[in-house]
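Please examine the sequence and the three-dimensional model together before reading on. The explanation refers to residues by name and number, and it is best followed with the structure in view.

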Amino acid sequence: MIYFVATPIGNLKDITLRALETLRAADAIFCEDTRHTLKLLSAYGIKKPLYPCHKFNEREAAEKIIALSREGREVCVVSDAGMPVVSDPGAEVVKRLAEAGERFTVLPGACAFLCALVLSGLSADRFTFAGFLPDKRGERVKALERYRDSRETLVFHAAPQDVDDYASCMYEVFGDRRAVAVREITKIHEESVPFTLKEGLAGDKRGEYVLLVEGAPERENPLNALSVREHVSAYMGQGYDKKEALKLAARDRGVPKSVLYKETLDL
């Protein structure tokens, strides 16, 4: 079997018993940075052959993983911290394994953005995880525009040198909203700092960040200011038949469509 194994995002004790058991039984471990993974394995007395699997060699690593698996070997794939594939190397490996018909599974564990969502205090009922934004500012702004009207909490990963520009771009696209910066999750200096996009995040930026932004406020549909007849007529003017126009107008106003029906009999 090929295992994608979640690893600690800070505190080395945040690893599951099953993950340790699987790593000990593995014939080979593919990792984002062999030096980083060696520290984790050494902490638990595990010695295994380590192979690099990062964004520059994923395709080659995938072929090696497939070859080992077909030889009957147990293979683990890990990233430096958290869940492989999620903002970390592994997506190309998963794609190649699926195309080759190879069986693989996942061992759950630590995940930075979910921990940050809890620490933020923002709504966690619905959220969108957007990961890292593009490097160029223009592309960042364009990427953010797709989330402008999203009502759910937005979650982003950010390197320390990008935090200020992220907040600036978000203010440009979203306007002023509440936000929270979370860093050093599970570590001694863990912190969750509220701020507003207009003001930005104060202080020096150190460590990897998860930035969370509250969703767009509910906006009143301008059609609700019209009379019922005008509201339904507006939708019919857009090409909807009367039945569908009634349904849409009723949804906008938060009432059953039967309430609107009597006022539109002659439309």
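The paragraphs below consider the nonpolar cores, then the salt bridges, and finally two helices.

The structure shown is a predicted model. A suitable starting point is its largest nonpolar core, which has 22 residues. Within this core, the residues with the most contacts are Leu144, Met170, Phe174 and Val213. Both helices and strands contribute to the core: helix 6 (137–145), strand 7 (153–158), helix 7 (163–174), strand 8 (178–183) and strand 10 (209–213) give two or more residues each. The largest share, seven residues, comes from helix 7. Apart from this core lies another one of 15 residues, which includes Leu23, Ile29, Val78 and Leu107.

Val213 may serve as an example of a residue in the largest core. Residues up to four places away in sequence being left out of the count, Val213 touches Leu122, Thr153, Leu154, Phe156, Met170, Phe174, Arg177, Arg178, Ala179 and Leu197. Two of these partners, Met170 and Phe174, are themselves listed with Val213 among the residues with the most contacts inside the core.

The next topic is charge. Side chains of opposite charge can pair when their charged atoms come close. A search of the whole structure finds 16 salt bridges. One of them joins the side chains of Glu63 and Arg96, with a distance of 2.3 Å from N to O. This pair links distant parts of the chain, as Glu63 belongs to helix 3 (residues 58–70) and Arg96 to helix 4 (residues 91–100), 33 residues apart. How buried or exposed are the two partners? Glu63 has a relative accessibility of 37% and therefore counts as partly exposed. Arg96, at 23%, also counts as partly exposed, because buried residues must lie under 20%.

Two further salt bridges bring together partners that fall into separate classes of exposure. In the pair of Lys187 and Glu184, the closest N and O atoms are 4.0 Å apart. Lys187 is partly exposed, with a relative accessible area of 40%, whereas Glu184 counts as buried at 18% relative accessibility. In the pair of Arg251 and Asp252, the closest N and O atoms are 3.9 Å apart. Here Arg251 counts as exposed at 59% relative accessibility, while Asp252 is buried, with a relative accessible area of 16%. Salt bridges can also share partners, and in this way Arg137, Arg140, Asp162, Asp165 and Glu172 are joined into one network.

Attention now turns to helix 8 (residues 228–237). Which of its residues are buried? They are Val228, His231, Val232 and Tyr235. These residues cover an arc of only 90 degrees around the axis, so they lie on the same side of helix 8. What covers the buried residues of helix 8 includes helix 9 (242–253) and helix 10 (257–261). Helix 8 is followed by Gly239, whose phi is positive, near 110 degrees.

The last residue to be considered, Ser69, returns the reader to helix 3, where Ser69 has its place. Ser69 has a relative accessible area of 16% and is therefore buried. Its neighbours within four places in sequence being set aside, Ser69 is in contact with Ile2, Val75 and Glu102. Helix 3 thus holds both the buried Ser69 and Glu63, the salt-bridge partner of Arg96.

How values were computed. Residues are numbered from 1 along each chain as its sequence is written. This is a predicted model: local features need pLDDT of at least 70, side-chain atom pairs count only at pLDDT 80 or more; totals for chains, interfaces and linings use all residues. Side-chain values use heavy atoms; hydrogens and water are left out. A nonpolar core is a set of buried Ala, Val, Leu, Ile, Met, Phe, Trp, Tyr and Cys residues joined through side-chain atoms within 4.5 Å. Buried means under 20% relative accessible area, exposed over 50%, partly exposed in between (1.4 Å probe, protein chains only). Helices (H or I, at least four residues) and strands (E, at least two) are DSSP runs, numbered from the N terminus. Contact means heavy atoms within 4.5 Å. The arc is that of the directions from the helix axis to the C-beta atoms.
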